[in-house]
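Reader: I am new to this structure and would like to know how its labels are earned. Could you take me through a few of them?

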Amino acid sequence: MLYQAYQAHCDIMVPVRAFAGRAMGAIGPPFPGLPNHPMLRNVTAAYELIARAGLTHERPRFCIDTVTVGNREVAVREEAACVTPFGTLLHFKKDIDQVQPRVMLVAPLSGHFATLLRSTVRTMLPEHDVYITDWHNVRDVGPGHGRFGVDDYVDHLIRFLEAIGPGGHVIAVCQPCVTVLIAAAVMAEAGNAAQPRSMTLMAGPIDTRIHPTKVNELAQSKPIDWFEQNLIATVPLRYAGGSRRVYPGFVQLAAFMSMNIERHMKAHRELYDNLVNGELEKAKVTKDFYDEYFAVLDLTAEFYLETVRLVFQEHALPRGEIEWHGRKVDARAIRRTMLLTVEGERDDICAVGQTAAAHDLCSSLRPYLKRHHMQAGVGHYGVFSGKKWENQIYPLVKNVILASD
């Protein structure tokens with residue numbers, strides 16, 4: 001009944017939020033004789049927070065319409081390079097004659113949409129031909145399309161890399177570092193011409209036995225049956241994916257927020273103060289962040305449970321026991337793909353050392369094909385967004401791509 005209870009709450013809140021939105025619009029402009037009255041600012045700020053108090057299950061727009069290449073502004077359009085029921089390989093197409101390195105960004109499938117990597121895409125676009133894995137919300141994917149587990153995720157990565165063609169590069173952010181490493185090993189062993197020339201793994205749980213975080217400890221604190229019984233729900237029949245068993249995005253969001261609830265409460269208090277004080281630019285930064293953060297998608301039950309079991313409980317990859325369609329996967333098969341791992345000093349989701357473990361697994365790579373970077377002063381999101389990503393981490397990623405292109 002988990003999803004049904006959530007849906008009932010959402011349905012109840014729809015008229016409340018709508019009323020708050022209309023009231024905010026009605027009293028927002030100051031009345032004659034009462035310009036910028038403090039009472040009105042307080043009331044409209046309160047109404048705006050109520051109107052925003054909800055989640056969306058639709059992917060936000062990337063809003064990347066142009067980019068500066070060299071000394072000129074060029075248009076960017078989104079094209080679907082490959083589409084399946086569960087995901088789209090989205091190409092940010094630029095009308096330029098210059099040949100740029102083709103890069104596939106692998107977005108996490110962990111409750112948020114690929115637009116979480118908007119700033120990552122924006123940073124890379126001027127100098128790279130960028131693709132991204134745009135995972136679909138499975139509450140909108142009919143049960144007739146079948147299951148989507150870890151093996152199917154790896155299948156998608158291989159299919160997407162083949163769609164890009166030989167000579168591409170891959171960058172994984174957070175959770176998909178594991179599946180990207182598996183895909184690269186499978187492709188290397190098969191001699192697949194589309195195996196990536198470089199593989200950048202950023203803040204990913206390759207070996208969660210190293211400096212376990214609260215996330216890792218939670219995953220190990222309960223048997224897998226507990227996760228299935230308490231966190232898996234059934235999509236209501238009103239949606240295209242009705243009757244599909246899922247790990248709801250709103251559950252993942254609640255888990256993430258509970259880790260730093262004081263930080264989120266403080267952010268909303270500051271948002272209220274900024275609205276009251278007319279500090280609209282500061283308010284916009286907070287609103288933009290939460291517009292993205294509160295856009296959630298559901299994961300298939302099988303993908304979520306397999307990830308918890310294989311990555312966080314059994315540590316199948318670092319122990320050499322990971323399988324793909326029943327066949328053992330050996331990262332030592334990777335011999336030609338340059339490897340870069342990136343970690344954040346203050347990452348409380350994927351601790352220092354967990355991603356760097358990939359170097360030990362890829363033991364067939366020559367030393368000149370391996371690089372590691374630990375970025376001081378950043379947490380999890382700072383690894384792939386923000387000033388330190390743009391000014392310190394991205395140049396290293398770019399150099400690795402250029403060196404192996």
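Reader: Which residues of strand β1 are on its covered face, and which are on the uncovered one?

Author: Happy to help, and please keep in mind that this is a predicted model. In β1, residues 66–69, V67 and V69 form the covered face, while T66 and T68 form the uncovered one. In a regular strand, side chains alternate between the two faces of the sheet.

Reader: What makes β1 and β2 a pair?

Author: Two strands pair if there are at least two bridges between them. β1 and β2 (residues 72–84) have four bridges, in the antiparallel sense, so they meet that cut-off. T66, for instance, stands opposite A75 in β2. The two strands form a hairpin with two residues between them, and G70 in the turn has a positive phi of about 70°.

Reader: Why is H315 called buried?

Author: Buried means under 20% relative accessible area. H315 has 6%, so the word applies. H315 lies in the loop between α11 (301–313) and β11 (323–324). Leaving out residues up to four places away in sequence, H315 touches T208, R209, Q220, R309 and L310.

Reader: How do you know that H315 and Q220 make a polar contact?

Author: Their side chains come to 3.0 Å, and the cut-off for a pair of N or O atoms is within 3.5 Å, so the distance fits.

Reader: How much of the chain is buried?

Author: Buried residues make up 53% of the 405 residues.

Definitions and conventions:
Residues numbered from 1 in each chain as written. Predicted model: local features only at pLDDT ≥ 70, side-chain atom pairs only at ≥ 80, totals over all residues. Heavy atoms only, no water. Buried < 20%, exposed > 50% of the residue type's maximum accessible area, 1.4 Å probe, protein only. Polar contact = N/O pair within 3.5 Å; in protein donor to acceptor, adjacent residues only side chain to side chain. Contact = heavy atoms within 4.5 Å.
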